[in-house]
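Here are some notes to read with the structure open beside you. I have kept each point short, so feel free to take them one at a time.

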Amino acid sequence: MFSFQSIGSGSSGNSYYLQTEAGAVLIDAGVAIRRFRKQTHEYGISLGKVAAVFVTHHHIDHVRALGILNQKDGLPIYLSEETMRGIIYNPVITKKPDWERATLLTKGQPLNLQDMEITPFDVPHDSRDNTGYIVRHGQSTLCLVTDCGHWTDEIEQHVSQATHLVIEANYDPDMLRNGPYPVVLQNRIRNGKGHLSNIEAAEVISRHRHHLKHVWLCHLSEKNNTPALALQATQQAAAGAVEVVALDREKPSRKYVLEE
């Protein structure tokens, strides 16, 4: 069995739960710890099965609960060296991890944990570093790409091998342009180092819809997007070939079984 579940996906906190019969891992721990514990309990997500937390980057909405889960719950963490430095020097992160329980990742080098082969790869973003993950178990391969400033050939190669895709659809261009954000912040989002738009996510889905079994849209902006707009753009690109789901910003998703 291989399953995927979102615990939260958006600027208020990101975290994803991957489970096999051998155990589970988290990708990111950005949901506030009280909400994290409450919702994982209510939705039947077992933290006792989690062997480690894999980190994408050091922004607070991806690491808010990391220090507590690492120190109080004893969860090891896996991250790049630059992401570690980002956490160390980020003053917003008041609870730092115990670095004795951290393993530094090498991009492109797979590791095996809980019957999963997990390979980190580079994703451009305006952080010290940002990591995407491709996770293999049996005949299924899940690729997760979030906080992606622009698409690269390397990411394209990984997605071409995936059966399941978690991809950022952060903003609708018209909502961003006409919304409350000042121009300087708008430019940061769309300057190639910020986030992917609905249109960019749709273009990826269109190219890969024939080999993907499922697509989840993650990290939708509260101010510059809506689930309806994200789905309108991406479902049209999917052309009925693959199911597309917009993940909730605040609530966990149901558990999706990728492989029995």
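Which elements do the buried residues of α5 pack against? Please keep in mind throughout that this is a predicted model.

1. **The buried residues of α5.** The answer to that opening question is a list of strands plus a helix: β8 (116-122), β9 (131-137), β10 (140-145), β11 (164-168) and α8. Helix α5 itself covers residues 153-160, and its buried residues are Ile155, His158 and Val159. Looking down the axis of α5, you will find these buried residues within an arc of 100°, so they line one face of the helix.

2. **How α5 meets α8.** Helix α8 takes in residues 198-208, and it packs with α5 at an angle of about 45°, the two axes being 11 Å apart. An angle of that kind falls outside the ranges for parallel, antiparallel or perpendicular, so α5 and α8 are oblique to each other. Their crossing is right-handed. On the α5 side the contact involves Glu156, Val159 and Ser160, and these meet Val204, Arg207 and His208 in α8. Sorted by class, this contact has two nonpolar, two polar and two charged residues.

3. **Glu156 up close.** Glu156 sits in helix α5. If you set aside residues up to four places away in sequence, Glu156 touches Trp151, Arg207 and His208. For a sense of distance, try Trp99: it is 57 residues from Glu156 along the chain, and the C-alpha atoms of the two are separated by 32 Å.

4. **The other partner of α8.** How do α8 and α9 lie relative to each other? Their axes come within 8 Å and cross at roughly 25°. Angles under 35 degrees count as roughly parallel, and α8 and α9 are therefore roughly parallel to each other. This crossing, too, is right-handed. From α8, the contact is made by Asn198, Ala201, Ala202, Ile205 and Ser206; from α9, by Leu229, Ala230, Ala233, Thr234, Ala237 and Ala238. By class, the residues of the contact of α8 with α9 comprise eight nonpolar, three polar and no charged.

5. **Helix α4.** Now turn to α4, which runs over residues 81-89 and has Thr83, Met84, Gly86 and Ile87 as its buried residues. They span an arc of only 160° around the axis, which puts them on the same side of α4. What do they pack against? The partners of these buried residues are α2 (60-63), α3 (66-71), β5 (77-79) and β6 (102-104).

6. **Asp126 in its loop.** Asp126 belongs to the loop between β8 and β9. With a relative accessible area of 27%, Asp126 is partly exposed. Apart from neighbours within four places in sequence, Asp126 is in contact with His59, Arg188 and Lys193. You can also relate Asp126 to Met84, one of the buried residues of α4: the two are 42 residues apart along the chain, with their C-alpha atoms separated by 15 Å.

7. **Arg190 in α7.** Arg190 is part of helix α7, residues 183-190. Is Arg190 buried, partly exposed or exposed? Its relative accessibility is 36%, so Arg190 counts as partly exposed. Leaving out residues up to four places away in sequence, the residues Arg190 touches are Tyr171, Leu176 and Arg177. Pro173 is 17 residues from Arg190 along the chain, and their C-alpha atoms are separated by 8.7 Å.

8. **Two backbone angles to look at.** Most residues other than glycine have a negative phi. Gln114 has a positive phi, near 55°, without being a glycine. You will find Gln114 in the loop between β7 (111-113) and β8, and at 22% relative accessibility Gln114 counts as partly exposed. Ala239 is not a glycine either, and its phi is positive at about 55°. Ala239 is in the loop between α9 (227-238) and β13 (243-246). Its relative accessible area is 55%, so Ala239 is exposed.

Technical notes. Residues numbered from 1 in each chain as written. Predicted model: local features only at pLDDT ≥ 70, side-chain atom pairs only at ≥ 80, totals over all residues. Heavy atoms only, no water. Axes fitted to C-alpha atoms, helices over the stretch in contact; angles between N-to-C directions. Helix = DSSP H or I, 4+ residues; strand = E, 2+ residues; numbered from the N terminus. Parallel < 35°, antiparallel > 145°, perpendicular 65-115°, else oblique. Left-handed = near helix turned anticlockwise from the far one by under 90°. Contact = heavy atoms within 4.5 Å. Nonpolar A, V, L, I, M, F, W, Y, C, P; charged D, E, K, R; others polar. Buried < 20%, exposed > 50% of the residue type's maximum accessible area, 1.4 Å probe, protein only. Arc of directions from axis to C-beta.
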